[in-house]
Amino acid sequence: MTRKFLFVLGSSRPGGNTESLARKAAEQLPADVEQRWLSLAEHPLPDFVDLRRDGDHVRPPASGSQALLLDATLAATDIVIASPLYWYSVSGLTKRYLDYWSGWLRTPGVDFKATLAGRTLWGVTALAHEEPEVADPLIGTLNHSAAYMKMRFGGVLLGNGSRPGDVLNDTEALTRAKTFFAQEAPLARFPYEH
């Protein structure tokens with residue numbers, strides 16, 4: 001299967017440090033690898049309503065943010081969550097997108113979990129903190145989401161930056177970005193499965 005990368009940008013600000021770091025990593029992908037970049041701020045999802053037990057699950061209308069994001073997610077072999085570290089986890093926009101995965105699991109004719117199984121989830125984040133351990137909750141969110149979906153998890157590319165453009169001065173992060181997507185991503189596992 002030809003690789004198709006979906007970059008899901010979870011920042012409320014365009015061109016921020018997380019997006020800059022993700023673009024540096026994406027520059028290293030082979031030319032024949034398709035890349036699609038979608039900003040959750042530009043394609044906002046309404047508040048997620050959990051209808052697991054008391055509602056009809058229907059495919060979203062062909063137009064609109066939900067259909068666009070669902071179709072792009074299903075088409076991707078590799079999903080890159082590019083979310084800044086907000087309060088030690090993913091941004092609100094990113095969390096809302098992941099919440100929609102719960103609804104898509106129950107959408108008739110989509111087969112969301114089976115489609116994503118075996119595909120790869122990656123993360124990219126910029127944090128304004130010297131100790132990378134503060135990103136552990138974000139990493140856990142993405143790893144556990146991938147484990148539940150039976151996806152591979154390529155890990156999270158961490159960079160440091162607070163002001164716009166700061167991450168481009170993080171030479172260690174830029175070095176890691178050069179080979180980040182070239183690594184073999186293992187099947188995600190919950191901590192109790194090790």
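Leaving aside its neighbours within four places in sequence, which residues is tyrosine 97 in contact with? Here are some notes, starting with that one.

1. Tyrosine 97 is in contact (heavy atoms within 4.5 Å) with Leu6, Val8, Leu40, Leu45, Leu69, Thr73, Ile79, Ile81 and Trp104, once neighbours within four places in sequence are set aside. A word on the basis: this is a predicted model, in which local features need pLDDT of at least 70 and side-chain atom pairs count only at pLDDT 80 or more, while totals for chains, interfaces and linings use all residues. Residues are numbered from 1 along each chain as its sequence is written, and side-chain values use heavy atoms, with hydrogens and water left out.

2. Tyr97 also appears in the largest nonpolar core, which has 37 residues; Ile79, Tyr97, Trp101, Phe112, Leu121 and Leu142 have the most contacts inside it. At least two residues of this core come from each of strand S1 (4-9), helix H2 (65-75), strand S3 (78-82), helix H3 (92-104), helix H4 (112-116), strand S4 (120-127), helix H5 (136-149) and strand S5 (152-160). Apart from it lies another core, of 21 residues, including Leu29, Leu174, Phe180 and Ala185. For the terms: a nonpolar core is a set of buried Ala, Val, Leu, Ile, Met, Phe, Trp, Tyr and Cys residues joined through side-chain atoms within 4.5 Å. Buried means under 20% relative accessible area, exposed over 50%, and partly exposed in between, with a 1.4 Å probe and protein chains only. Helices (H or I, at least four residues) and strands (E, at least two) are DSSP runs, numbered from the N terminus.

3. Strand S1 is mostly covered, with five of its six residues buried. S1 runs parallel to strand S2 (residues 34-39), and six bridges join the two; strands pair if DSSP finds at least two bridges between them. Across this pairing, leucine 6 stands opposite arginine 36 in S2.

4. Leucine 116, in helix H4, is buried, with a relative accessible area of 0%. Not counting residues up to four places away in sequence, leucine 116 touches Thr73, Leu74, Ile79, Trp101, Met149 and Met151. The C-alpha atoms of leucine 116 and methionine 151 are separated by 6.4 Å, though the two are 35 residues apart along the chain.

5. Tyrosine 100 lies in helix H3 and is buried, at a relative accessible area of 6%. Beyond residues up to four places away in sequence, tyrosine 100 touches Leu45, Pro46, Asp47, Phe48 and Gln66. Serine 65, in helix H2, is buried as well, at 17% relative accessible area; with the sequence neighbours up to four places away not counted, serine 65 touches His43, Pro44 and Leu45.

6. You may also want to look at the cavities: a search of the whole structure finds two of 30 Å³ or more. The largest, of about 40 Å³, is lined by Leu40, Pro44, Leu45, Leu93 and Arg96. The second largest, of about 30 Å³, is lined by Leu9, Ser11, Arg13, Gly15, Gly16, Thr18 and Glu19. On a 1 Å grid over the protein atoms alone, a cavity is a set of points where a 1.4 Å probe fits but cannot get out, and lining residues have an atom within 4 Å of a point. Grid points are joined across faces, edges and corners, and a volume is the space filled by probe spheres set on the points.

Definitions and conventions: On a 1 Å grid over the protein atoms alone, a cavity is a set of points where a 1.4 Å probe fits but cannot get out, and a pocket is an open set with protein on both sides within 12 Å along at least five of seven lines; lining residues have an atom within 4 Å of a point.
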